[in-house]
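The exercises below are meant to be worked with the sequence and the 3D view side by side. Try each task before reading its solution.

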Amino acid sequence: MVIAVDGPAASGKGTIARALARHFDLPHMDTGMLYRAVALTLFRFGGDPASAFEALRACDGVAQVDPTDPDLRSEIVGSIASRISAYPDVRAALLDRQRHFASRSSGAVLDGRDIGTVIVPDARAKLFVTASPEVRAQRRLAELVGRGGTAHLEDVLIDIRARDARDSGRAAAPLAQAVDADLLDTSDLSVDEAVAAAIRLVAQRIGATANG
Ligand code: CDP
Ligand code: CDP
């Protein structure tokens, strides 16, 4: 059983995917981390995100990146990730890793941008998690502040909008709701409410009760 969770930056898809994995006792992969690992490798080599060739070379470094490295979460790395993820060769280089994870006999939860559309088009349950850009910018800012950083809401909002435009506008696997995905708008939901709604939607899809 595969659960696909897609959506834009800071929509809450990671939080929801982790909670679904716990609830349904499935392993979870945050596929954004793969693109962030490529971006961090490129950044540390001083590579140019405008070069598809250099970005592809950085894919070789993914396995060496420490998944707990706090730099992976930084805004600059997120922004580079959204640029290099537009290259078809980079997406192709990361495809097997994701499909392999999704094919585990236990089933799996994957979250990203193209899980329901490209990586696992036949997933049992698909969620497209969204929230208004303003709400998402506020969430991102709260995270930044929580990590001891500072930023202006307007700048975070500009970055969120730029990332939305890049992720949705690219030719290769653009961010889009799969036709058979359930839409979950978390703009006015607390984390607990969003998680409960996600569990209900997935349970309906897989024919289980929301309690387990
Ligand atoms: O956490 P946030 O939503 O800000 O970003 P992320 O999920 O860590 O992804 C960072 C960037 O990687 C995104 O802006 C996408 O451009 C790219 N990405 C992608 O293209 N496909 C995926 N399956 C996951 C991420
Ligand atoms: O993975 P993605 O970038 O879509 O978002 P996230 O990392 O799961 O969530 C971004 C932030 O929004 C986290 O700090 C969450 O606690 C918060 N949040 C949420 O995820 N869902 C809500 N309904 C409200 C807040």
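**Exercise 1.** Describe the shell around ligand 2 by residue class, then by the elements that build it.

Solution. This is a predicted model.
Step 1: sort the shell around ligand 2 by class, which gives 5 nonpolar, 7 polar and 3 charged residues.
Step 2: pick out the residues that come closest. The shell holds 15 residues, and the closest to ligand 2 are Gly 12, Gly 14, Thr 15, Arg 139 and Ala 194.
Step 3: look for elements that give two or more residues to this shell; they are H1, helix H7 (133-146) and helix H9 (191-206).
Step 4: ask which element gives the most. H1 does, with 3 residues.

**Exercise 2.** Describe the shell around ligand 1 in the same way.

Solution. Step 1: 15 residues lie around ligand 1, and those that come nearest are Ala 9, Gly 32, Ser 82, Ser 85 and Gly 112.
Step 2: helix H2 (32-44), helix H4 (75-84) and helix H8 (153-169) are the elements that give two or more residues to the shell of ligand 1.
Step 3: by class, this shell divides into 4 nonpolar, 6 polar and 5 charged residues.

**Exercise 3.** Decide whether Pro 8 and Ala 9 are buried or exposed, and list what each one touches.

Solution. Step 1: place the two residues. Pro 8 lies in the loop between strand E1 (2-6) and helix H1 (13-24), and Ala 9 is found in the loop between E1 and H1. The UniProt record, an unreviewed entry, puts a "binding site" feature on a set of residues including Pro 8 and Ala 9.
Step 2: apply the cut-off, by which a residue is buried if 20 or more other C-beta atoms lie within 10 Å of its own. Pro 8 has 20 C-beta neighbours inside 10 Å, so Pro 8 counts as buried. Ala 9 has 26 and therefore counts as buried.
Step 3: list the contacts, leaving aside neighbours within four places in sequence. For Pro 8 they are Thr 130, Arg 136, Asp 164, Asp 167 and Leu 175. For Ala 9 they are Arg 136, Ile 160 and Arg 163.

**Exercise 4.** Locate Pro 174 and work out its exposure and its contacts.

Solution. Step 1: Pro 174 sits in the loop between H8 and strand E5 (182-185).
Step 2: 15 other C-beta atoms lie within 10 Å of that of Pro 174; because this count falls between the cut-offs for buried and exposed, Pro 174 is partly exposed.
Step 3: Pro 174 touches Asp 167, Ser 168 and Gly 169, when residues up to four places away in sequence are not counted.
Step 4: take one distance as a check in the 3D view. Pro 174 and Asp 164 are 10 residues apart along the chain, and their C-alpha atoms are separated by 9.9 Å.

**Exercise 5.** How is strand E3 covered, and which strands pair with it?

Solution. Step 1: E3 spans residues 108-112, and 5 of its 5 residues are buried.
Step 2: divide these residues by face. Ala 108, Leu 110 and Gly 112 are on one side, Val 109 and Asp 111 are on the other, and both faces are covered.
Step 3: find the partner strands. E1 pairs with E3 in the parallel sense over 5 bridges; in one of these pairings, Ile 3 has Val 109 as its bridge partner. Strand E2 (residues 28-30) also runs parallel to E3, joined by 3 bridges, and Met 29 has Leu 110 as its bridge partner in E3.

Terms used. Residues numbered from 1 in each chain as written. Chains lettered and ligands numbered in written order. Predicted model: local features only at pLDDT ≥ 70, side-chain atom pairs only at ≥ 80, totals over all residues. Near = placed C-beta within 6 Å. Helix = DSSP H or I, 4+ residues; strand = E, 2+ residues; numbered from the N terminus. Nonpolar A, V, L, I, M, F, W, Y, C, P; charged D, E, K, R; others polar. UniProt positions renumbered as here; feature names shortened; annotations may be inferred. Buried ≥ 20, exposed ≤ 12 C-beta atoms within 10 Å, placed from the backbone. Contact = placed C-beta atoms within 7 Å. Pairing = 2+ DSSP bridges.
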